[in-house]
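Work through the exercises below with the sequence and the model at hand. Each task is followed by a solution in steps.

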Amino acid sequence: SIQFNSIQIYSYRKYYLSLIFSLSLFNKKNMNITVLQFHSKAKKLPKTHVLPEDACRRLSNFSEDSVEYEGHVYPSVEHAYQAQKYMCSNHPEYACKFYDGTVVSSIDARKMGSKSGMKAVETTLDIAKWTEVNEQVMEALISSKMERSEYIRQILTLSAELYRDWE
């Protein structure tokens, strides 16, 4: 069986996150730790690939897989992540726009949470506070995505099995 033990988040460049899932793969002899990595900018996989064609897109923070965070359900990880920036700002009341239907697409969520998006609504991000919590926020959001989506768990499980077979 495969157990999802932890998620490690590593920042790349200014705006991109690469998520590295640490999985424990159990077999009859011993426990092996395997690391899987994906990048949300990846294109569709070829139809001949063992993983589903939309696997990379669905693992992206922009995919329309809802997540729950602090009692609110967001349309995507990106919506929830950007909302939490507003919770670390001088206008935390704007965070509700990310789950109440005001901000429709994940792209719009990213734009609204950007420096220029926050400036447009006269919002200042408390960078020290955000830096302190952003990785924990992302870990909770990705965990929620995995818990809420059987399809995401299937993709990760199949990925882990393929990786194990390559070793």
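**Exercise 1. Among contacts in the protein chain between residues at least 6 apart in sequence, find what share joins residues at least 24 apart.**

Solution. Contact means heavy atoms within 4.5 Å. Take the contacts between residues at least 6 apart in sequence; 56% of them join residues at least 24 apart. The model is predicted: local features need pLDDT of at least 70, side-chain atom pairs count only at pLDDT 80 or more, and totals for chains, interfaces and linings use all residues. Residues are numbered from 1 along each chain as its sequence is written, and side-chain values use heavy atoms, with hydrogens and water left out.

**Exercise 2. List the elements of the protein chain in order, and state what percentage of its residues count as buried.**

Solution. Step one is to assign the elements: helices (H or I, at least four residues) and strands (E, at least two) are DSSP runs, numbered from the N terminus. This gives 6 helices and 5 strands. Step two is their order from the N terminus, β-β-β-α-β-β-α-α-α-α-α. Step three is burial, where buried means under 20% relative accessible area, exposed over 50%, and partly exposed in between (1.4 Å probe, protein chains only). Of the 167 residues, 41% count as buried.

**Exercise 3. Describe the largest nonpolar core: which members touch the most others, and which elements supply at least two residues each?**

Solution. A nonpolar core is a set of buried Ala, Val, Leu, Ile, Met, Phe, Trp, Tyr and Cys residues joined through side-chain atoms within 4.5 Å. The largest one has 27 residues, and Val67, Tyr74, Val77, Tyr81, Tyr86, Phe98 and Leu141 touch the most other members. At least two residues each come from α1 (55–59), β4 (67–69), α2 (77–87), α3 (106–113), α5 (127–148) and α6 (150–166). The largest share, 6 residues, is that of α5. Next take Leu141: leaving aside neighbours within four places in sequence, Leu141 is in contact with Val67, Tyr69, Val77, Ala80 and Tyr81. As background, nonpolar side chains in soluble globular proteins tend to be buried together.

**Exercise 4. Work out how α2 is oriented relative to α5, and which residues meet.**

Solution. Axes are lines fitted to C-alpha atoms, for helices over the stretch in contact, and angles run from 0 to 180 degrees between N-to-C directions. The axes of α2 and α5 come within 10 Å and cross at roughly 155°. Angles under 35 degrees count as roughly parallel, over 145 as roughly antiparallel, 65 to 115 as roughly perpendicular and the rest as oblique. The two helices, α2 and α5, are therefore roughly antiparallel. From α2, the residues Val77, Ala80, Tyr81, Gln84, Lys85 and Met87 meet Lys129, Trp130, Asn134, Val137, Met138, Leu141, Ile142 and Lys145 of α5. For classes, Ala, Val, Leu, Ile, Met, Phe, Trp, Tyr, Cys and Pro count as nonpolar, Asp, Glu, Lys and Arg as charged, and the others, Gly among them, as polar. The contact of α2 with α5 then has 9 nonpolar, 2 polar and 3 charged residues.

**Exercise 5. Repeat the analysis for α2 and α3, then place Arg110.**

Solution. The axes of α2 and α3 are 9 Å apart, at an angle of about 20°. These helices, α2 and α3, are therefore roughly parallel. In the contact, α2 contributes Glu78, His79, Gln82, Lys85 and Tyr86, while α3 contributes Ser106, Ala109, Arg110, Met112 and Gly113. By class, the contact of α2 with α3 divides into 3 nonpolar, 4 polar and 3 charged residues. Arg110 is in helix α3 and is partly exposed, with a relative accessible area of 33%. Not counting residues up to four places away in sequence, Arg110 touches Phe62, Glu78 and Gln82.

**Exercise 6. Is Cys88 buried or exposed, and what does Cys88 contact?**

Solution. Cys88 lies in the loop between α2 and α3. The relative accessibility of Cys88 is 7%, so Cys88 counts as buried. Outside four places in sequence, Cys88 is in contact with Thr124, Leu125, Asp126, Lys129, Trp130 and Val133. The C-alpha atoms of Cys88 and Ile127 are separated by 7.9 Å, with their positions 39 residues apart along the chain.
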